Amino acid sequence: MGIKDTEKEMIIPDELPLLPVRDVVIFPYMIVPLFVGRERSIAAVDAALERDRLIFLAAQKDLNAEDPDPEDIYTVGTVAMIMRMLKLPDGRVKILVQGVARGRLEAISQQSPFFQARVERSIEPPQPEKTLEVEALMRTVRDAMNQAVSLGKAVPPEIMVAVANMEEPGNLADLVASNIGLKVAEMQAVMETVDPLERLGNVKSLLDREMEVLTMQNRIQSQVKEEVSKSQREYYLREQLRAIQSELGETDQRAEDVAELRAKLEKAALPESSRTEVEKQLKRLETMHPEAAEYSMLLTYLEWIVELPWSHATRDKLDLKRARKILNEDHYDLEKIKERILEFLAVRKLNRDLKGPVLCFVGPPGVGKTSLGRSIARALGRQFVRVSLGGMRDEAEIRGHRRTYVGALPGRIIQGIKQAGTNNPVFMLDELDKLGADFRGDPSSALLELLDPEQNHAFSDHYINLPFDLSNVMFIATANIMDPIPSALKDRMEVIRLSGYALEEKLFIADKYLIPRQVKANGLRSGDIHFSRQAIQKVISEYTAEAGLRNLERELGSICRKVARRFAEGRKDPVNINAGAVSRYLGPPRFLPEEQRRENEVGVATGLAWTEVGGEILSVEASVMKGKGQLSLTGQLGDVMKESAHAALSYARTHAEVLGIKADFLETQDIHVHVPAGAIPKDGPSAGVTIATAIISALSGVPVRKDVAMTGEITLRGHVLPIGGLKEKALAAVRAGIHTVIIPRRNEKDLVEIPNHLRRKIDFVLAESMDAVLATALKGRDEAL
C-alpha cells in the first residue's frame, strides 16, 4: 500500500459499478491490490474498464456472504480508480486500485450482471488552520505510531515515512487507521466519520487501545520468556547432573522408576478406563522432582496399581475325582461341605462363566473351618488368602484409606488379592462374628458390597480408587455363632454349619491326622512312638471337653514333646503309650463327666445345652423346703431361663393332681432351683423341660433317671417346642455316657443330620408334651402315682 496525490476535484459520475470487498476497508489515497473472483464482481471490473476506470468500493457487513444482497453492503465507501488489471489462470482477476474520494451509496439501480450504484461524493469540511491543538494531536498520533512500532507492531518503513511527512489531519487518520490492524467494523466507523479532526481523535483512541494490548502482550511474552529461561536453566542443570551420575555409574532415579512402572503396566493388562487414569498419573510422576513430598506417595500408589493381578487368574482344576480325594485326605467326614464344593466344580465344568460362591462355615472352635478353606483351595488349584476380621472396627480396614491421609494403604481385601497374585483366589474372611463398630464406621456394612456377586465385579477401594473385579473370587467366611452377624450380611452368604465331633470321629482323626502331624512337628519318626486306642480315648474323655480338636492336638503334642526329650537324652527303643501311661505324661484327669451322676436322684435332672464351643451337659437341681411359696433361682440364670422356670412351676401347679402333688404345696413350701457352675452365665429356652422335670421330681418325690438327658422349650400348657443345635447336644450326651435323649417331636426332621454311628448309640425319645417327658425321665412314676 502507498499514498499517491490525486486531483481532489476529479469529476465522478453519478452512477458507478459497485465492487463489494471483504476483510478490508479502502480509504482515499490508498493504493491496494485486490483479487476478484466472483462473477458479479468481475463483471463490475470489466464495466469500469470499458468506461472511465472508476469503480465504487464498499465493504461487506457479513464477511462470509458469497453473494451479498444490497442490504449486506455498507453505504459509505471509496470511489477508486483501477490502475492495472491482470487476468489469472484460475479465472480470477487481480487489480490495482487507488482511492480517490469518499462516497455514499444512495441507491442500487442495477443488480445484474453487476451492481450499478448511484453514488454521492462525501464533501469533507475545509481543512482547519494548524492551531497548537491540531499540531499537538497530530504529533501525539505520530509518537504513538512510533511507540507501537517499537513495541513490535509490524508497519512497513515507507508507511512510517509517510506518517512523519503527512500534514493533513484527515489523511493522517486514514493512513494510521489502515495500518494498525483494526477490525473491519472499526475501520468502517473511521471511514464514515467525515470531519478530519473528529476522525483523527477517533483514530487516537483506537491507537491507544492497541498500545495497551501491545504492552500487555509484551509483558506476557516477557514472563513466558523468563519461565522458559528458568526451565531451560533447570533442564541444563539436570542434564549436567545426569551426565555426572552417568560418569559415576549412577542412574536417574525418576527415569528408572517411570520406566519400571511402564513395563509393569504393559504386563498388568488393566481395563481401558483404569489404564487411562494410570497413564495420567504416570505423566504427573514424570514432571515431579524426586525430592518432592508427593513423589513418593504417587510412586507408591502407582506401584500398588501395576502390581495387582488385574487379568491374571489361575486355571481351575475341574477333576472331580481328584478334588474328592484331596478333600478326603485333609478332612474326615464333613460330607455336606465336600458335596457343596464338588457341586461347584461340576457346574464350573459345564459353565465357565460361573461366579465364585460366598460360603459361610459356622461351628465351634477347632472343628476345621480354616483348614477346610485351605483344602478347598488345594482341590481347586487356587491360591489361598486368609484375613482375620476379629476385633476389626474401622471401615477403612476393608475399603482402604483415601490417599489424602499420610501413610494411606489399600484395605485388607486388595492387600490379600495382591498377596495371592491372582484375581480368583479362595479368600477366607475368618472370625466374621467378631467384627466391631465404632465412630470410624461399621466394617460389616463395607462387606455388603464385597460379598454381593451382583456388585463386587466393580469393587472400589478408597486408596486404589479404580474398580476391581472380585466376582471370580471364592469368598469363605467363618464364624462360631450367627447371632452377631447383621441380617443383610447373612442374606448374602450360603451358611453351612459344622457340628462337633463324636468320640469315634475324634479317635479316627487323631490316629490319621493329629498324631502323625505332632510326631513330625516334634522331630520324631513314625516308629518312635505308638498310641493305643485306649490311650487316645482316655486323652479325649478325661483331658479335653470340647466340640473341636484343638485341645486334643495340644495334649497329644505334649506327650510327643516329652517322648522327644527322652530320645534326645539317648533312648533308642520305641515308646508305647497305653491308657495307664497317659496320666504319667499329662497328670491327673481334668474332666470326669461320666461320674457326675452315679445314681437316680430326686430333684436332679440332666439337660443338654448348646454353647459356642459345642454341646454341654447341664444339671438342674430342685429342692423343696418349708416356706411361703417362694421360687428361688440361682446359678447365674438369664432372663429366658428364669421365665422357663416360672412356666415350669405354673405347669406343675396347674397339673398338680395328675402329677401326684398336693394342690396347696406353695402355701407351705418354698422351691429352690439351682444350676451348678454358678460362675458361668446361662440362658436359653431349651432348658424348660429339664427345669420342669426337676421341680416335679422334687415335689412328687419320684427320682429322675441318671441315664436320661433332655432338651426342649416348655409352654404353660405343657407342650414341648423345638430347639436348635441337636447334633451338638447329642454329642455332649454321648461324651457323658448318656444313651437316652428326650427331644421335641418337631425336631425329628433334624435327626438326618446326625451320623448313623452316633444315632446307633442314642435312643431318641420324641416328646410332644410333658407327659411323654415325665413318662421317660421319672423312675417308677407310674408306680408312684
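## Close-ups of a predicted model

**View A. Helix H17 goes past helix H18 in a right-handed crossing.** Keep in mind that what you see here is a predicted model. H17 covers residues 503–521 and H18 covers residues 533–543; their axes come within 10 Å and cross at roughly 110 degrees. Angles from 65 to 115 degrees count as roughly perpendicular, so H17 and H18 are roughly perpendicular to each other. Which residues of the two helices meet? On the H17 side, look for Leu 503, Lys 506, Leu 507, Ala 510 and Ile 515, and on the H18 side for Arg 533, Ile 536, Gln 537 and Ile 540. Sort the residues of this H17–H18 contact and you get six nonpolar, one polar and two charged.

**View B. Helix H3 and helix H4 pack with their axes 10 Å apart.** H3 is residues 157–165, H4 is residues 169–177, and the angle between them is about 160 degrees. Anything over 145 degrees counts as roughly antiparallel, so H3 earns that label relative to H4. Is their crossing left-handed or right-handed? For H3 and H4, the crossing is left-handed. Ile 159, Ala 162 and Val 163 are what H3 brings to the contact, while H4 brings Leu 172, Leu 175 and Val 176. What kinds of residue are these? The contact of H3 with H4 has six nonpolar residues, no polar ones and no charged ones.

**View C. Five parallel strands make an open sheet.** Read across the sheet and the order goes S9-S10-S13-S8-S14. Which strands stand at the edges? Strand S9 (384–388) and strand S14 (494–497) do; each has a single partner strand, so one side of each is left without a neighbour in the sheet. From one strand to the next, the twist averages 20 degrees.

**View D. Zoom in on that sheet and you find strand S10 pairing with strand S13.** S10 takes in residues 426–430 and S13 takes in residues 474–479; four bridges link the two in the parallel sense. To spot one pair of bridge partners, find Leu 429 and then Ala 477 in S13. Helix H12 (residues 369–380) is worth finding too: this helix lies across S8 (358–362), S9, S10 and S13, and runs at about 175 degrees to S10.

**View E. Strand S7 pairs antiparallel with strand S2 and also with strand S6.** S2 (residues 15–21) and S7 (residues 115–121) are joined by four bridges. Look for Leu 16, which stands opposite Ala 117 in S7. S6 is made of residues 93–110 and has six bridges to S7, and here Gly 103 has Arg 121 of S7 as its bridge partner. How many residues lie between S6 and S7 in their hairpin? There are four residues between S6 and S7. And what holds such neighbours together? Strands of a sheet pair through backbone hydrogen bonds, either parallel or antiparallel.

**View F. Zooming back out, the chain holds 28 helices and 25 strands.** Its C-alpha atoms fill a box of roughly 155 × 75 × 55 Å along the principal axes. For a compact globule of 785 residues you'd expect a radius of gyration near 28 Å, but this chain comes in at 52 Å.

Notes
Residues are numbered from 1 along each chain as its sequence is written. This is a predicted model: local features need pLDDT of at least 70, side-chain atom pairs count only at pLDDT 80 or more; totals for chains, interfaces and linings use all residues. Side-chain values use heavy atoms; hydrogens and water are left out. Axes are lines fitted to C-alpha atoms, for helices over the stretch in contact, and angles run from 0 to 180 degrees between N-to-C directions. Angles under 35 degrees count as roughly parallel, over 145 as roughly antiparallel, 65 to 115 as roughly perpendicular and the rest as oblique. A crossing is left-handed if the near helix is turned anticlockwise from the far one by less than a right angle, and right-handed if clockwise. Contact means heavy atoms within 4.5 Å. Ala, Val, Leu, Ile, Met, Phe, Trp, Tyr, Cys and Pro count as nonpolar, Asp, Glu, Lys and Arg as charged, and the others, Gly among them, as polar. Two strands pair if DSSP finds at least two bridges between them. The radius of gyration is taken over C-alpha atoms; the globule rule is 2.2 Å times the number of residues to the power 0.38.
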